[in-house]
Amino acid sequence: MPDSSNTPALLVNTGQAPQPISQAQVQQISPSALAYLGDAIYELYVRMFFLWPQQRPEIYHRLVVAQVRAETQALHLRSLTPHLRSNELEIVRRGRNAATGRPKRLNPEIYQQATSLETLVGYLYLTDYPRLTELLQKLHLET
């Protein structure tokens, strides 16, 4: 298993952490827009997690794809749920209700859970970056 001890520091060092936005501002952002942002942040975190040991690009791709697929994201959401605060659970609920247009191969519940995780990641990226890194560290990313 890769050493993830440097990953949160790397994620912080990819640029400055975003300035938190107010609850009024975040309420104006749709859950699908938060999920769109969260998808990118989550994938960046996973890509950085697998940087060590160095691999060929096709190996990186295989490792990352295994973690960013909806089924794995749904598992990650379920593992994080006991650690979530009430406001975070509300964001998860909003993300679940906003999940539409799923791929035909996918169970709707799995798609909703994956979208919920992405929504939570997007929300925390904008509102509470330290909390985001805390939760991401709880994920069990596997090879």
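# Group meeting talk: a chain of helices

Okay, so the chain has eight helices and zero strands. If you walk along from the N terminus, the elements run α-α-α-α-α-α-α-α. Keep in mind that this is a predicted model. The chain has 143 residues, and 41% of them count as buried. Now look at contacts between residues at least 6 apart in sequence: 77% of those join residues at least 24 apart.

Let's start with how some of the helices pack. Take helix α3, residues 31–49, and helix α7, residues 108–127. Their axes come within 6 Å and cross at roughly 85 degrees. An angle from 65 to 115 degrees counts as roughly perpendicular, so that is what we call α3 and α7. Who is doing the touching? On the α3 side we have P31, L34, A35, L37, G38, D39, I41 and Y42. On the α7 side they meet T115, L117, E118, T119, V121, G122, Y123, Y125 and L126. Sorted by class, this contact has 11 nonpolar, four polar and two charged residues.

Let me zoom in on one of those residues, T119, which sits in helix α7. Is T119 buried or exposed? Its relative accessibility is 1%, so T119 counts as buried. Setting aside neighbours within four places in sequence, T119 is in contact with P31, L34, A35, I91 and G95.

Next pair: α4 and α5. These two pack with their axes 5 Å apart, at an angle of about 60 degrees. That makes α4 oblique to α5. In this contact, A66, Q67 and V68 from α4 meet A70, T72, Q73 and H76 from α5. The classes here come out as three nonpolar, four polar and no charged.

T72 is worth a stop. T72 belongs to helix α5, and it has 14% relative accessibility, so it counts as buried, given that the cut-off for buried is under 20%. Apart from neighbours within four places in sequence, T72 is in contact with A66 and Q67. Now compare T72 with A114: they are 42 residues apart in sequence, while their C-alpha atoms are 7.9 Å apart in space.

Also in helix α5, which covers residues 70–80, is A74. A74 is buried, with a relative accessible area of 0%. Which residues does A74 touch, not counting those up to four places away in sequence? They are I110, Q113 and A114. For A74 and I110, the C-alpha to C-alpha distance is 5.8 Å, even though the two are 36 residues apart in sequence.

On to the cores. In soluble globular proteins, nonpolar side chains tend to be buried together. In our model, the largest nonpolar core has 29 residues. Which of its members touch the most other members? Those are Y42, V46, F50, L120, L132 and L141. The elements giving two or more residues to this core are α3, α4, α5, α6 (86–98), α7 and α8 (129–137). Apart from that one lies another core, made of five residues, among them A70, A74, I110 and A114. You have met A74 already, as the residue that touches I110 and A114.

Now some rings. How many aromatic pairs does the structure hold? Two. In one of them, the rings of F49 and F50 have centres 4.9 Å apart and planes at 85 degrees, so the pair is edge-to-face. F49 has 3% relative accessibility and counts as buried. F50 counts as buried too, at 1%. The other pair is Y125 and Y129, with ring centres 5.7 Å apart and planes at 70 degrees, so this one is edge-to-face as well. In case you wonder where the line is, planes over 60 degrees apart count as edge-to-face. As for burial, Y125 is partly exposed, with a relative accessible area of 21%, whereas Y129 is buried, at 8%.

One last oddity, in the backbone. Most peptide bonds are trans. Here, though, the peptide bond from W52 to P53 is cis, with omega near -5 degrees. Where does P53 lie? In the loop between α3 and α4, and α4 covers 57–68.

To wrap up: α3 and α7 are roughly perpendicular, α4 is oblique to α5, and the largest nonpolar core holds 29 residues. Thanks, everyone!

Terms used:
Residues numbered from 1 in each chain as written. Predicted model: local features only at pLDDT ≥ 70, side-chain atom pairs only at ≥ 80, totals over all residues. Heavy atoms only, no water. Phe/Tyr/Trp six-rings, centres within 6.5 Å; stacked < 30°, edge-to-face > 60°. Buried < 20%, exposed > 50% of the residue type's maximum accessible area, 1.4 Å probe, protein only. Axes fitted to C-alpha atoms, helices over the stretch in contact; angles between N-to-C directions. Helix = DSSP H or I, 4+ residues; strand = E, 2+ residues; numbered from the N terminus. Parallel < 35°, antiparallel > 145°, perpendicular 65-115°, else oblique. Contact = heavy atoms within 4.5 Å. Nonpolar A, V, L, I, M, F, W, Y, C, P; charged D, E, K, R; others polar. Core = buried A, V, L, I, M, F, W, Y, C linked by side-chain atoms within 4.5 Å.
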